[in-house]
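Here is a protein model to explore together. Have a look at it first, and then we can ask what the words used to describe it rest on.

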Amino acid sequence: AAAAAAAAAEVARTASSGEYAGDEAAGIEQRKASKLEYQEAITLFNKKAKKGIALMQKLGRLGSTPQHIAEFLRMTPDLDKTVIGDYLGEREEPMLTVMHAYVDALDFHGEMLDEAIRKFLEGFRLPGESQKIDRLMEKFAERYCKQNPGQYKSADTAYVLSFSVIMLNTDAHNPQVKNKMTREGFLRNNRGIDDGADLPGDHLGLLYDNIVHNEIRMKDEDPELLAAKAEANNAGSGSSLNRAMKDMSNRLGMDVLMSLVAGKKMDGGGVDTSRLLEEVRARAKRDASGFHTATDPACVRPMLEVAWPAMLAVFSMSFEASEAPSVVKTSLAGFRRAIHLTAVMSMESVRDAFITPLAKLTSLHSPTNMRSKNIEALRALVAVGVSDGNSLGGAWVHILKAVSRYDHLYSLAAGYNDASLFEGSSLGAKEGAGEGGAGRSSTGGRLFRRVGGGLAKSADAAASAMKSLRSPSVMGG
């Protein structure tokens, strides 16, 4: 609260002294516009990859070489990984060259095959077309063997073994598969794949243990979500092979690794809030260098334009829902500071949007319902007129109406007979006769007519309200 008050005071001081340079605010607006353009390009990429990349290049945010595009695909957050996989799997240029540059940028030196597969599948989902999958896995096998010479006799061995490892991953971690593949079964399935020769049993056994004890998953995959998808896939599905293939697609982001077996794309799932919070924290760390310290008070305006509806809702609802002095005090402080900021920023419509409900919160239009917190609202409204009167413009009408109602209620509480305002009128004579005329002019009219003793009740309420208003504080603060 103290920080907000200090900020508001600084805004008022610089606004009144004409110190708005505007350059800093204009610079921030320009950066904001640039960021919005960038986000629009990201959104477009997630719908149409080629158009998104073209827009990025048009904005000057992306180079034209395959290496630049590959780095953009690997390093840019918020890109749809399914779209990346589809783009990299294309056979036309420049997508094919970009895919080669993408894979060639990965370092597999000294890594086991399962570790290399994990790294390879971190950045995208394998597409749903078998031809695209074949091109990606073939390039992966070539890159792996090039960086690990002597590991296998040829890239074909790495290619076949990669698919076998992925199938084992699905078998081992799909809860719907009851009869799990054994070590002996895995070794038996991979006999003679190294140009007709068998791979060492120890090597295959180590791969088996690594996969069984550490599932291959994309970095952003949620295990609980995957289990739910696996359960959904099992409902109404056919053979165990189909179920295994569907679950493999869910777990690795592969829309049917072997689409010739089961060619259906995975459905989207719900949002895990815990992982969402982790993503927000990670993004905050990543973007920390991009934050700017602002000293120009004009920079407050765009933030107010975005936040004021939520602020108004919180202040109003908190005030109306609670009788706690601390809540009432905080809500009214929020009203005052919001009005102050919007007034000095010449945001007239927003300023009035705060003053109008604050005037209603005084309950002066219904004095029989006034409570102590309404008296505090009246105090706050008057304080706004005192502190920000020069910036209120037409909003003064709300304060003046409240003061006028207060004055009338105070006069009634003090015993003032407002019938004298219309002395000589027929209305006054009629009411004066009906009331008996005690203490009143027999010909006097009334500005506020009696209905079922309502005036007496209003006067009693007004007396109580005025007594409270004249006390130092009615909310204990």
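Q: What makes Ile 355, Leu 358 and Ala 359 in H17 count as meeting residues of H18?
A: In this predicted model, these three residues of H17 meet Ala 377, Ala 380, Leu 381 and Val 384 in H18. Contact means heavy atoms within 4.5 Å, so that is the cut-off behind the word "meet".

Q: Why is the contact of H17 with H18 described as having no polar and no charged residues?
A: By class, the contact has 7 nonpolar residues. Ala, Val, Leu and Ile are among the types that count as nonpolar, so the residues named above belong to that class.

Q: How is the packing of H17 and H18 described?
A: Two packed helices are described by the angle between their axes and the distance between the axes. Here, H17 (residues 348-360) and H18 (residues 372-388) pack at an angle of about 145 degrees, and their axes are 9 Å apart. Their crossing is left-handed.

Q: What makes a group of residues a nonpolar core?
A: The members must be buried residues of certain nonpolar types, joined through side-chain atoms within 4.5 Å. The largest such core has 54 residues, and Leu 73, Leu 88, Phe 120 and Leu 161 touch the most other members. Helix H8 (residues 130-147) gives the largest share, 7 residues. Apart from this core lies another, of 33 residues, including Ile 339 and Tyr 406.

Q: Which share of the protein chain counts as buried?
A: Buried means under 20% relative accessible area, and 41% of the 477 residues count as buried.

Note on methods
Residues numbered from 1 in each chain as written. Predicted model: local features only at pLDDT ≥ 70, side-chain atom pairs only at ≥ 80, totals over all residues. Heavy atoms only, no water. Axes fitted to C-alpha atoms, helices over the stretch in contact; angles between N-to-C directions. Helix = DSSP H or I, 4+ residues; strand = E, 2+ residues; numbered from the N terminus. Left-handed = near helix turned anticlockwise from the far one by under 90°. Buried < 20%, exposed > 50% of the residue type's maximum accessible area, 1.4 Å probe, protein only.
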